[in-house]
Amino acid sequence: MDLGVRWKLHGDGRTPAPGAVVRPDERLSWPRTAGLGAQHVVAMFGASFVAPVLMGLDPNLAIMMSGVSTVIFLLATRGRVPSYLGCSLSFVGVAAVIRAQGGTSATVTGAVLVVGVVLFLVGLAVQYFGARIIHATMPPIVTGAVVMLIGFNLAPVTASTYWPQDQWTALLVMLFTGLAVVCLRGFWSRVAIFLGLVFGYGISWVFDRVFGKIHSVGPGGQPTDHWRLDLSGVGKADWIGLPTFHGPSFQWSAVLVALPVVIALVAENAGHVKAVGEMTGENLDGRLGTAISADGVGSVLSTALGGPPNTTYSENIGVMAATRVYSTAAYWAAAGFALLFGVCPKFGAVVAAIPGGVLGGITVILYGMIGLLGAQIWTKSGVDLRNPLNLVPAAAGIIIGIGNVTLKFTDTFSLSGIALGTLVVITGYHALRALAPAHLKTQEPLLDEGTSSYDAPSSGDSGSTGSTGGSGRSGGSGSEGQRREP
């Protein structure tokens, strides 16, 4: 059985020939492959390592399980879809809501484990029925709205938890990170969040030496005099050791909060598979269901041990585009580095020591970027917000999600925020569509038209999706594109 672990040497093994790419089943020399693997780990450091810290989970276990999940993904896709799996920031809002309701780390991982199971089942459905099942249930107006409300729901976390810990450091980190994202080029722009973290560490250390301790809300939630950068835990941590494991705990209220993230994860996977297919010149649409299921399996395994969920990571698309190296051997190397970091508690202590003010500046940009990905989905799909069938459910759901509106059913059961907003968007859209006049029923394809047609699938295509990762063409849906009745 071909597991995709045999690679042909590309050319002389040094660099791709002019205009050529290193395909997934090829590799450069092993030292260069190892270097590319390390580059992929660094590329996903900023967001994927910050996410478990924001979720209150062990960063050592997070990086270890990201390596394990990457191996599962590569084996499941037979080495056809190069990808590194990291913790999606979409889960940060879920964790914040669950903890605000009194949930523990076990409650968080239990709720997200259920998301992993559902994601696995969605992948099986896509593999069997094709992408039409996604198109039918989650058109772009729904997907974009849910991604948007998940991101913007996090705004109070930044405003009330991280920013007040050190407002001036947060402001400087926000400005530096924003400049890095906009002004840097190539690989460096892809690791702008990581550079912002390094800058924040340095500024916090300088401010401690110049101004002394700061009086503000500390990690414990109470105003105290404390150092901005406390590295005492780093000195006490061992160089080698296993991370902390814990089992999941299941609560229906937490599960309902977490389930909407499935929509964001399907969008992320669809975008990743389509983008990689376009860059390599290979039709990977038939692998979408397998990719989604593999993400689900990796997330279930990680959360069962107390780690965060994992999904395909967009930063690595940028690395592949810049280097033109799509070899899955590099991702095996990245998984190996992740496993090594996972058994180094000192590394985890460094990550856990990120100052609150630094997280304040970083999360302002990160959370906003998550929310605006929803707008990007609408833009790429040509969603017409002048159409009340699109406008009404999206508007209502987003306000409910961002404002944490609560609908109380009994003394012990209620829906609010992300869960209620998602329910309003999905049920509202489909209910209104069933009642709307025919001229309003213009349905757009999932995420980004430009790369596929559901009406005339190519030979061997099990259905197709669009891309958040960048299509080669602009979609023709909405008010200007081809209109199709379902």
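## Close-up views of a predicted model

**View 1. The salt bridge between Asp384 and Arg386.** With a relative accessibility of 65%, Arg386 counts as exposed. In this predicted model, its side chain meets that of Asp384 in a salt bridge, with 3.0 Å from N to O. Asp384, by contrast, is buried, having a relative accessible area of 15%. Elsewhere, salt bridges that share partners join Asp166, Asp208 and Arg228 into one network, which is the subject of the next view.

**View 2. The network around Arg228.** The structure holds three salt bridges, and one of them is formed by Arg228 with Asp166, whose closest N and O atoms are 3.1 Å apart. This pair links distant parts of the chain, since Arg228 lies in the loop between strand S5 (223–226) and helix H12 (232–236), while Asp166, 62 residues away, lies in the loop between helix H8 (155–162) and helix H9 (167–183). The side chain of Arg228 also meets that of Asp208 in a salt bridge, again with an N to O value of 3.1 Å. Asp208 belongs to helix H11 (residues 192–211) and Arg228 to the loop between S5 and H12, so this pair ties together parts that are 20 residues apart in sequence. Each member of the network is buried, with relative accessible areas of 13% for Arg228, 5% for Asp166 and 4% for Asp208.

**View 3. Lys346, a buried lysine without a salt bridge.** Lys346 is found in helix H18 (residues 345–352). Although this residue is buried, it has no salt bridge, and the nearest side chain of opposite charge, that of Asp238, is 7.1 Å away. Because a salt bridge requires the nitrogen and a carboxyl oxygen to be within 4 Å, the separation of 7.1 Å leaves Lys346 and Asp238 unpaired. A polar atom of the Lys346 side chain does lie 3.0 Å from the backbone oxygen of Ala237. Leaving aside neighbours within four places in sequence, Lys346 is in contact with Val234, Gly235, Ala237, Asp238 and Trp239.

**View 4. The largest nonpolar core and a separate one.** The largest nonpolar core has 95 residues, of which Met55, Tyr84, Val92, Ile354, Tyr367 and Trp378 touch the most other members. Helix H14 (residues 261–280) gives the most to this core, contributing 11 residues. Apart from this core lies another of five residues, including Val22, Leu36, Val325 and Ala330. Around Tyr367, and not counting residues up to four places away in sequence, the residues touched are Leu54, Val92, Gly151, Phe152, Leu154, Val157, Thr158 and Tyr162.

**View 5. Two loop residues with positive phi.** Arg78, a residue other than glycine, has a positive phi near 55° and is placed in the loop between helix H3 (59–76) and strand S3 (85–86). Asn404, which is not a glycine either, has a positive phi of about 55° and is found in the loop between helix H20 (388–403) and strand S7 (406–408). Both count as partly exposed, with relative accessibilities of 31% for Arg78 and 36% for Asn404.

**View 6. Confidence along the chain.** The mean pLDDT of the protein is 80, and 86% of its residues reach 70 or more. Among the elements, helix H5 (residues 105–129) has the highest mean pLDDT, 93, and helix H10 (residues 186–190) the lowest, 69. Over residues 445–486 the pLDDT stays under 50, and for this stretch the model has 122 contacts beyond four places in sequence.

How values were computed: Residues are numbered from 1 along each chain as its sequence is written. Side-chain values use heavy atoms; hydrogens and water are left out. pLDDT is the predictor's confidence in each residue, from 0 to 100. Helices (H or I, at least four residues) and strands (E, at least two) are DSSP runs, numbered from the N terminus. Contact means heavy atoms within 4.5 Å. Buried means under 20% relative accessible area, exposed over 50%, partly exposed in between (1.4 Å probe, protein chains only). Lys and Arg count as positive and Asp and Glu as negative; His and the chain ends are not counted. A polar contact is a pair of N or O atoms within 3.5 Å; within protein, one must be able to donate a hydrogen and the other to accept it, and residues adjacent in sequence count only if both atoms are side-chain atoms. A nonpolar core is a set of buried Ala, Val, Leu, Ile, Met, Phe, Trp, Tyr and Cys residues joined through side-chain atoms within 4.5 Å.
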